[in-house]
Amino acid sequence: VGHGMCLRCFTWLRQVGRGCPLGSDCGALREPLENTGVRQMLEDLPVRCTAAQCRWEGSLATFVTAHETVCDYVRVFCPLQECNWTGLRRDLKHHIEEECA
């Protein structure tokens, strides 16, 4: 028994001590349960990369777990603390080897 809500709402309701949002003592706020059906629906949603120049399209799950961390068109920072360069991931290697050395 329980009610569908996001983890943020679940946490807030527990913190303020309001109990079940429907006014019953159903136990909905004792332990959060993952809604695997909703998770799967969200992971399967078709998405496009948010980087303007990138043409990648695929599922939300693939974007989050694979593409987002390797997209050449995502803006990144130089990993060197004394450098404040930002640019596209595809230009980072050149920056480090040629400009930042």
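## Burial and overall layout

Of the 101 residues in the chain, 21% are buried. This is a predicted model, so every value below is computed from predicted atoms. The accessible surface of the chain comes to about 8000 Å², and carbon and sulfur atoms account for 53% of that surface.

The chain has 4 helices and 4 strands. Reading from the N terminus, you will meet them in the order α-α-β-β-α-β-β-α. What share of the contacts between residues at least 6 apart in sequence join residues at least 24 apart? The share is 6%.

## A nonpolar patch on the surface

Let us begin with the outside of the model. Val38, Leu42 and Leu45 make a nonpolar surface patch of about 240 Å². To find Leu45, look at the loop between helix H2, residues 36-43, and strand E1, residues 46-48. Leu45 has a relative accessibility of 40% and counts as partly exposed, because partly exposed residues fall between the 20% and 50% limits.

## Around helix H3

Helix H3 covers residues 60-67, and His67 lies in it. Is His67 buried or exposed? With a relative accessible area of 11%, His67 is buried. Leaving aside residues up to four places away in sequence, His67 touches Cys49, Cys54, Trp56 and Thr62.

Trp56 also appears in the next feature. A search of the whole structure finds 1 aromatic pair. The partners are Trp56 and Phe63, with ring centres 5.8 Å apart and planes at 35°, so the pair is tilted. The label follows because planes under 30 degrees apart would count as stacked and those over 60 as edge-to-face. Phe63 is buried, at a relative accessible area of 10%.

## Cysteines without disulfides

How many disulfides does the structure hold? The number is 0. Cys71 is a good place to see why: the closest cysteine sulfur to its own is in Cys49, 3.7 Å away, which is too far for a bond. A disulfide would need the two sulfur atoms within 2.5 Å. Cys71 itself is buried, with a relative accessibility of 2%.

Cys83 tells a similar story. The closest cysteine sulfur to that of Cys83 belongs to Cys100, and the distance is 3.7 Å, so this pair too is too far apart for a bond. Cys83 has a relative accessible area of 19% and is buried, because the limit for buried is under 20%.

## Around helix H4

Both of the remaining residues on this tour belong to helix H4. His95 is found in helix H4 and is buried, with a relative accessible area of 4%. Which residues does His95 touch, not counting those up to four places away in sequence? They are Cys78, Cys83, Trp85 and Cys100. Cys83 and Cys100, whose sulfurs were described above as too far apart for a bond, are thus both in contact with His95.

Asp91 lies in helix H4 as well, which spans residues 89-99. Asp91 is partly exposed, with a relative accessible area of 34%, whereas His95 is buried. Asp91 and Tyr73 are 18 residues apart in sequence, and their C-alpha atoms are 9.0 Å apart in space.

Conventions:
Residues are numbered from 1 along each chain as its sequence is written. This is a predicted model: local features need pLDDT of at least 70, side-chain atom pairs count only at pLDDT 80 or more; totals for chains, interfaces and linings use all residues. Side-chain values use heavy atoms; hydrogens and water are left out. Helices (H or I, at least four residues) and strands (E, at least two) are DSSP runs, numbered from the N terminus. Buried means under 20% relative accessible area, exposed over 50%, partly exposed in between (1.4 Å probe, protein chains only). Contact means heavy atoms within 4.5 Å. Accessible areas come from the Shrake-Rupley method with a 1.4 Å probe; for residues, only the protein chains shown count as cover. Patches are made of residues with over 30% relative accessible area and no salt bridge: like charges are joined within 9 Å, nonpolar side chains (Val, Leu, Ile, Met, Phe, Trp, Tyr) within 5 Å. A salt bridge is a side-chain nitrogen of Lys or Arg within 4 Å of a carboxyl oxygen of Asp or Glu. Rings of Phe, Tyr and Trp (its six-membered ring) pair if their centres lie within 6.5 Å; planes under 30 degrees apart count as stacked, over 60 as edge-to-face and the rest as tilted.
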